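Student: Can we talk through how a ligand site gets its labels? I'd like to see the reasoning behind each term.

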Amino acid sequence: MAKNLLLTDKYIVIGRDFEHGGEASSKIKNELKRLGISSDIIRNISIASYEAEMNIIIYAKDGTMTLEVYSNKIKIIAEDIGPGISDIELAMKEGYSTAPPEVIEMGFGAGMGLPNIKKNSDTFRIDSVIGKGTKLIFEVNLR
Ligand SMILES: Nc1ncnc2c1ncn2[C@@H]1O[C@H](COP(=O)(O)OP(=O)(O)O)[C@@H](O)[C@H]1O
Ligand SMILES: [Mg+2]
């Protein structure tokens, strides 16, 4: 697959840094626009990468978002150092959230992030180790 890799970019995301929340996904969006990727694919990636980025900011210590553009797909790897997710099946349920009150007050914590990442991607994978961190890999096919 690596032979089809056209472009890669990596962005740092800092836990609790709400001030810069959304910047990494916005940079990813701009990069895809610059490449002339179609708007529906950009929308899928933007929604999914924003949710992944905000989850790092809300729940993790820090992390990175990696964009990989292939000839046939867009891949995002969102990886963090953080508490990890103990029950992935539960975390994937619509409406499930452990967001603390001050985060809910900011308008987050609807429990739709992970389900929406899955909905907006063609392939979705989540790996998490308790006390270590979480890694999401999702892809949107170019058609
Ligand atoms: N990167 C992460 N690190 C640790 N826990 C996470 C992470 N992302 C999601 N979670 C857990 O999964 C739950 C569901 O996430 P999500 O669907 O995005 O909803 P929300 O962010 O609104 O709570 C979160 O409330 C949290 O408990
Ligand atoms: Mg979320």
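**Ligand 1 and its pocket**

Tutor: Keep in mind that this is a predicted model. Start with Gly113, where a backbone N or O atom lies 3.2 Å from an oxygen atom of ligand 1.

Student: Why is the pair at Gly113 called a polar contact?

Tutor: The cut-off is a pair of N or O atoms within 3.5 Å. Gly113 gives a backbone N or O atom at 3.2 Å from a ligand oxygen, so the pair counts. Ala110 passes too, because its polar backbone atom is 3.2 Å from an oxygen of ligand 1. With Asn55 a side chain takes part: one of its N or O atoms is 2.9 Å from a ligand oxygen, so that pair also qualifies.

Student: How much of ligand 1 does the protein cover?

Tutor: On its own, ligand 1 has 530 Å² of accessible area, and the protein covers 93% of that.

Student: What makes Tyr59 and Asp80 part of the shell around ligand 1?

Tutor: A residue needs a heavy atom within 4 Å of the ligand. There are 18 residues around ligand 1, and Tyr59 and Asp80 are among those that come nearest, along with Ser97, Thr98 and Gly111, so they belong to the shell. By class, the shell has nine nonpolar, eight polar and one charged residue. The largest share, three residues, comes from α5.

Student: How do you know that ligand 1 sits in the largest pocket?

Tutor: The test is that more than half of the ligand's atoms lie within 2 Å of the pocket's grid points. Ligand 1 is assigned to the largest pocket, so it meets that test.

Student: What is that pocket like?

Tutor: The space in the largest pocket is about 660 Å³. Its lining has 31 residues, with Asn55, Tyr59, Ile85, Thr98 and Leu114 closest to the centre. Here α2 gives the largest share, eight residues.

Student: Which class leads the lining of the pocket?

Tutor: Nonpolar, with 18 residues, next to 10 polar and three charged.

How values were computed:
Residues are numbered from 1 along each chain as its sequence is written. Chains are lettered from A and ligands numbered from 1 in the order in which they are written. This is a predicted model: local features need pLDDT of at least 70, side-chain atom pairs count only at pLDDT 80 or more; totals for chains, interfaces and linings use all residues. Side-chain values use heavy atoms; hydrogens and water are left out. On a 1 Å grid over the protein atoms alone, a cavity is a set of points where a 1.4 Å probe fits but cannot get out, and a pocket is an open set with protein on both sides within 12 Å along at least five of seven lines; lining residues have an atom within 4 Å of a point. Grid points are joined across faces, edges and corners, and a volume is the space filled by probe spheres set on the points. Helices (H or I, at least four residues) and strands (E, at least two) are DSSP runs, numbered from the N terminus. Ala, Val, Leu, Ile, Met, Phe, Trp, Tyr, Cys and Pro count as nonpolar, Asp, Glu, Lys and Arg as charged, and the others, Gly among them, as polar. A polar contact is a pair of N or O atoms within 3.5 Å; within protein, one must be able to donate a hydrogen and the other to accept it, and residues adjacent in sequence count only if both atoms are side-chain atoms. Accessible areas come from the Shrake-Rupley method with a 1.4 Å probe; for residues, only the protein chains shown count as cover.
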